[in-house]
Amino acid sequence: MKTLNYDQLAENSIREVSLDKETALSILSSKDIELLSLINATFKVRKEYFGKTISIHIINNIQNGYCPEDCKYCAQSKNSNAKIDSYPIKSDKEIINEAEEAYHKGAFRYCMVSSGKSHNAERIEHIAALIKNIKSSYKIEVCISAGILDKNKLSILKAAGADRINHNINTSEALYPSICTTHKYSDRLNTIQLAKEIGLQVCSGIIIGMGESPEDIIEMALTLNKLRVESIPVNFFIPIEGTRIDNSSLLDPEYCLRILCLFRLLNPKADIRIAAGRELHLRDMETMSFYIANSLFLEGYLNTAGSKRNKTYQMIKDAGFTLNSDISLNELLKKESNFIEAHSIEFSKTVKN
Ligand code: SF4
């Protein structure tokens, strides 16, 4: 390919000029494009819209398992044999307390996720009441993931104060039938389009590591650009024993970073979130992702744990980034060391006794 002008690449992205396919493919796989130069160009775009801030998102899996859908990657699917802790919806008290905890852990956004294809009117009213309660009590943004929704249900959630809804596209249109047969890719696009129509912000993510080609990845990034979604969680597949995708191989960290760059360059204004699998697949290169993405999940995902929060806080601080939160990283780290000290005193008392 012709030599890449990195300054031009950044400038075009900031001006929302799309990439041609050849360049997009090279970003993913050509060694002629140096990773550090690419990240540096992408960082200019990230800085233009998000400075050096990071928004923490905390997921609460408010209902886990018992899902009638057959998504192959999901531990909660009816066809999964994964050993997960299945439960119907948590109590209101638990969900609200966990929102408060999320706020005190520095979260900018609290993401309530419930399993299932979609929810009935009664459940949507219940979730709406929870949103109202949380929004009137804590300074935290709320995102809801509640499956396939029609305009009426989306409007109820919006009226209750939901800041965003989440509905992932997960993969490309061509691959969708190979990961799920109980609903269609178009069902997912429809929910996203309806949410946009009524003025709800949309979070829609993808999962890398389910057999997709570089062309599929480019298509996903372009689809999300076309849908004008405000937030894109980029998940890297975490194998859970018992799910029906048999892929336990580790992804190459450089490839993961190149994918994040592509999503940022094609979606310059979107929240790009380093989502599930950041620890497993980025490994020692994790900090580099902060120069591309402006958001991450803290302390784990739907059915898998993540890094301990103090490790994540320290990593953000050490890399020179700040939090998009009322609470500073120094305060959060101080609280963590107080917590550790308090527990080591307890522990030493126990040992002496
Ligand atoms: S991804 Fe959602 S719809 Fe699919 S099986 Fe899991 S919980 Fe059900």
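**Figure 1. Arg-283 sits in the loop between helix H11 (278–282) and strand S9 (295–297).** The model is predicted. Phi of Arg-283 is near 45°. That is a positive value in a residue other than glycine. Arg-283 counts as partly exposed because its relative accessibility is 33%, and the class lies between under 20% for buried and over 50% for exposed.

**Figure 2. Arg-228 also has a positive phi, of about 55°, although it is not a glycine.** Its loop runs between helix H9 (214–226) and strand S7 (231–236). The relative accessible area of Arg-228 is 47%, so this residue is partly exposed.

**Figure 3. The ligand and the residues around it.** The space taken by the ligand is the largest cavity. Three cysteines belong to the surrounding residues: Cys-67, Cys-71 and Cys-74. Glu-69 and Tyr-73 also belong to this shell. Ser-77, Ser-115 and Gly-116 complete the list. By class, the shell divides into four nonpolar residues, three polar and one charged. The charged residue is Glu-69, because Glu counts as charged and Cys, Tyr, Ser and Gly do not.

**Figure 4. Helix H1 (residues 6–14) has buried residues at Leu-9, Ala-10 and Ser-13.** These residues cover an arc of only 95° around the axis, so they lie on the same side of H1. Three helices pack against the buried residues of H1. They are helix H2 (21–29), helix H3 (35–50) and helix H10 (253–266).

**Figure 5. Asn-60 is placed in strand S1 (residues 53–63).** Its relative accessibility is 4%, so Asn-60 counts as buried. Leaving out residues up to four places away in sequence, Asn-60 touches Lys-90, Ile-95 and Glu-98, among others. Its contacts also include the run Tyr-110, Cys-111, Met-112 and Val-113. Ser-114 is 54 residues from Asn-60 along the chain. The C-alpha atoms of Asn-60 and Ser-114 are separated by 8.6 Å.

**Figure 6. Ile-124 lies in helix H5 (residues 121–137).** With a relative accessible area of 0%, Ile-124 is buried. Neighbours within four places in sequence are left aside in what follows. Ile-124 is then in contact with His-119, Leu-149 and Lys-153, and with Ile-156 and Leu-157. Lys-158 is 34 residues from Ile-124 along the chain. Their C-alpha atoms are separated by 11 Å.

**Figure 7. Thr-191 is found in helix H8 (residues 185–197).** This threonine counts as buried, at 0% relative accessibility. Beyond its neighbours within four places in sequence, Thr-191 is in contact with Gly-147, Ile-148 and Leu-149. Leu-154, Ile-165 and His-167 are also contacts of Thr-191. Leu-149 appears in this view as a contact of Thr-191, and in the Ile-124 view as a contact of Ile-124.

**Figure 8. Ile-169 occupies the loop between strand S4 (164–166) and helix H7 (176–179).** Although placed in a loop, Ile-169 counts as buried, at 0% relative accessibility. Its contacts, not counting residues up to four places away in sequence, include Tyr-176, Tyr-185, Leu-189 and Ile-192. Ser-204, Gly-205 and Ile-206 are also among them. So are Met-220, Thr-223 and Leu-224. Glu-16 is 153 residues from Ile-169 in sequence. From C-alpha to C-alpha, Ile-169 and Glu-16 are 22 Å apart in space.

**Figure 9. Leu-332 lies in helix H13 (residues 329–352).** Its relative accessibility is 1%, and Leu-332 counts as buried. Not counting residues up to four places away in sequence, Leu-332 touches His-104, Lys-105 and Gly-106. Tyr-313, Leu-323 and Ile-327 are also touched by Leu-332. Asn-168 is 164 residues from Leu-332 along the chain. The C-alpha atoms of Leu-332 and Asn-168 are separated by 31 Å.

Note on methods: Residues numbered from 1 in each chain as written. Predicted model: local features only at pLDDT ≥ 70, side-chain atom pairs only at ≥ 80, totals over all residues. Heavy atoms only, no water. Near = heavy atom within 4 Å. 1 Å grid on protein atoms, 1.4 Å probe; cavity = no way out; pocket = protein on both sides within 12 Å on 5 of 7 lines; lining within 4 Å. Sits in = over half its atoms within 2 Å of the grid points. Buried < 20%, exposed > 50% of the residue type's maximum accessible area, 1.4 Å probe, protein only. Helix = DSSP H or I, 4+ residues; strand = E, 2+ residues; numbered from the N terminus. Arc of directions from axis to C-beta. Contact = heavy atoms within 4.5 Å.
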